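The following exercises concern charged side chains and cysteines. Please work through each task before reading its solution.

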Amino acid sequence: MFSKSCKYAIRATLYLAANSNEATKYGVEHIATSLNVPKPFLGKILQQLAKNGLISVLKGPKGGFYLTTANKEHSLNEIITSIDGPEVLTSCILGLPSCSSEMPCPLHFQFQSFKLGLMEVTGDKTVAELAEEVKEGKFVW
């Protein structure tokens, strides 16, 4: 459902949430190696997240990407919509442009509750909450 860019964005944000702070910053190469993702691709994703205020970046020799306490309060939904756009959680599951409750696609009503549930879960979960689960070892990079 989510693009590869979005999945990388979520993973990178959670990695930073679990491992970084204002004193400990990481460069793109370190994050890409840790997550086993392409460095140039990840660099663009991190810049987009920073542009949208979801992660922080400090330029210069002691710089890098990191998360502040405020960054960690963003929801998973904000990361998703930052990368894939708001329509990823609301658009037709089949990609039909005219799908609506008035003109439903064959799967519209079956997926409606799924999409609403996904929006609720991704809107309720903060990066900080997910990072705690990462620190507890519930995820494998």
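**Exercise 1.** Determine whether Lys-39 is buried, partly exposed or exposed in this predicted model.

*Solution.* Step 1: the relative accessibility of Lys-39 is 41%. Step 2: partly exposed residues lie between the limits of 20% and 50%. Step 3: Lys-39 therefore counts as partly exposed.

**Exercise 2.** Identify the salt-bridge partner of Lys-39 and state which helices the pair ties together.

*Solution.* Step 1: the partner of Lys-39 is Glu-29, with 3.6 Å between the closest N and O atoms. Step 2: this distance satisfies the criterion, because a salt bridge requires such atoms to be within 4 Å. Step 3: Lys-39 belongs to helix H3 (residues 39–51) and Glu-29 to helix H2 (residues 28–35), so the contact ties together parts 10 residues apart in sequence. Step 4: Glu-29 has a relative accessible area of 53% and is exposed.

**Exercise 3.** State how many salt bridges the whole structure contains, and describe the one formed by Glu-133.

*Solution.* Step 1: a search of the whole structure yields two salt bridges. Step 2: Glu-133 pairs with Lys-125 at 3.3 Å, N to O. Step 3: Glu-133 is partly exposed at 24% relative accessible area, and Lys-125 is partly exposed at 29%.

**Exercise 4.** Explain why Cys-92 and Cys-99 do not form a bond with Cys-105.

*Solution.* Step 1: a disulfide requires two cysteine sulfur atoms within 2.5 Å. Step 2: the closest cysteine sulfur to that of Cys-92 is in Cys-105, 3.7 Å away, which is too far for a bond. Step 3: for Cys-99, the closest cysteine sulfur is also in Cys-105, at 3.8 Å, again too far. Step 4: the structure holds zero disulfides.

Technical notes: Residues numbered from 1 in each chain as written. Predicted model: local features only at pLDDT ≥ 70, side-chain atom pairs only at ≥ 80, totals over all residues. Heavy atoms only, no water. Salt bridge = Lys/Arg side-chain N within 4 Å of Asp/Glu carboxyl O. Helix = DSSP H or I, 4+ residues; strand = E, 2+ residues; numbered from the N terminus. Buried < 20%, exposed > 50% of the residue type's maximum accessible area, 1.4 Å probe, protein only.
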